[in-house]
Amino acid sequence: MGKQQVLERICESGLVAVVRAETGDQAKRIAEACLAGGLQAIEVTYTVPGAHHIIEELAKAYSAEELIIGAGTVLDPETARISVLSGAQYIVSPCLNAETVRLGNRYQVPVMAGAMTIKEIVECMEAGADVIKLFPGELFGPAMVKAVKGPLPQAPIMPTGGVNAGNVQDWIKAGCVAVGAGGSLTAGAKTGDYAAITATARQFLAEIAKARLAGR
């Protein structure tokens, strides 16, 4: 699947599940639960030991048409390259690393670079990042996105942190191309309640659809 197709599918869905699984099996079960809820993209973070092995297992278990698998908390181009070789279809970083963005562009893999300020957002776009990850989202709220969109209407923003099914409409209405959700979406995995993940994914997607419909 090409770079533009990956980006289009993520933005069309509007939701990325941030997965911090302890094992490959748990990651697969989270992925299954997300898929059952209609979600199309997950991000396996490198805060998880052996994250590239989990990415590899998921890439073998699902085709690109079934599930878009990304690597998160990628801090450098070395980790990004390992991720791509393991099967990651996009890269997410909590901050801008220009060499990571260059590597992504070299191999035509989307890179979502983190930013907190308007200056950092502009630097991410100048470096060639495909999506700007507003992080940590809970420190700003949807009002930050609306404010940024004034001078920078072209900024493709995806917040992560502080996003839940109760406020996701506010984020989308503020102008976000998509949102990232971690614990508010996948918390059920800690207790083995994967059905809760499926139900929450459905709720997220329904709220995103409502927000987009209202914005037309």
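**Helix packing and salt bridges: a quick tour**

Okay, let's start out in a loop: Gly166 sits between strand 7 (157-159) and helix 8 (168-174). Before I go on, remember that this is a predicted model. So is Gly166 buried or exposed? Gly166 counts as exposed, because its relative accessibility is 70% and the cut-off for exposed is over 50%. One more thing about this glycine: take Leu152, which is 14 residues from Gly166 in sequence, and the two C-alpha atoms turn out to be 26 Å apart in space.

Right, on to the helices. I've got two pairs to show you.

Pair one is helix 3 (residues 51-61) with helix 4 (residues 77-86). Their axes are 8 Å apart and the packing angle is about 25 degrees. That makes helix 3 roughly parallel to helix 4, since anything under 35 degrees goes in that class. If you're looking at the handedness, helix 3 passes helix 4 in a right-handed crossing. Which residues actually meet there? From helix 3 you have His52, Ile55, Glu56 and Ala59, and from helix 4 you have Ile82, Ser83 and Ser86. Sort that contact by class and you get three nonpolar residues, three polar and one charged.

Pair two is helix 1 (residues 3-13) with helix 10 (residues 194-214), and here the angle is about 90 degrees, with the axes 9 Å apart. So helix 1 is roughly perpendicular to helix 10. The helix 1 side of the contact is Cys11, Glu12 and Ser13, while helix 10 brings Leu205, Ile208 and Arg212. The class split for this contact is three nonpolar, one polar and two charged.

Now, charges. Side chains of opposite charge can pair when their charged atoms come close. How many salt bridges does the model have? The count comes to five, and I'll walk you through some of them.

Let me take Glu57 and Lys28, whose side chains meet in a salt bridge at 3.8 Å, N to O. This pair links distant parts of the chain: Glu57 is in helix 3, Lys28 is in helix 2 (residues 24-36), and they are 29 residues apart. Both ends fall in the partly exposed class, because Glu57 has a relative accessible area of 33% and Lys28 has 28%.

Then there's Arg102 with Glu99, where the closest N and O atoms are 3.3 Å apart. What separates these two along the chain? They are both in helix 5 (residues 98-106), and because they are three residues apart, the separation is about one helical turn. Arg102 is partly exposed at 48% relative accessible area, and Glu99 is partly exposed too, at 40%.

And here's Lys119 with Glu123, a salt bridge whose closest N and O atoms are 2.5 Å apart. These two belong to helix 6 (residues 118-127), and since they are four residues apart, about one helical turn lies between them. Lys119 is exposed, because its relative accessible area is 58%, whereas Glu123 is partly exposed at 31%.

If you want one place to look on the screen, try helix 3. Its Glu56 is part of the contact with helix 4, and its Glu57 holds the salt bridge with Lys28 over in helix 2.

That's my tour. Happy to rotate the model if anyone wants another look.

Terms used: Residues numbered from 1 in each chain as written. Predicted model: local features only at pLDDT ≥ 70, side-chain atom pairs only at ≥ 80, totals over all residues. Heavy atoms only, no water. Axes fitted to C-alpha atoms, helices over the stretch in contact; angles between N-to-C directions. Parallel < 35°, antiparallel > 145°, perpendicular 65-115°, else oblique. Left-handed = near helix turned anticlockwise from the far one by under 90°. Contact = heavy atoms within 4.5 Å. Nonpolar A, V, L, I, M, F, W, Y, C, P; charged D, E, K, R; others polar. Salt bridge = Lys/Arg side-chain N within 4 Å of Asp/Glu carboxyl O. Buried < 20%, exposed > 50% of the residue type's maximum accessible area, 1.4 Å probe, protein only.
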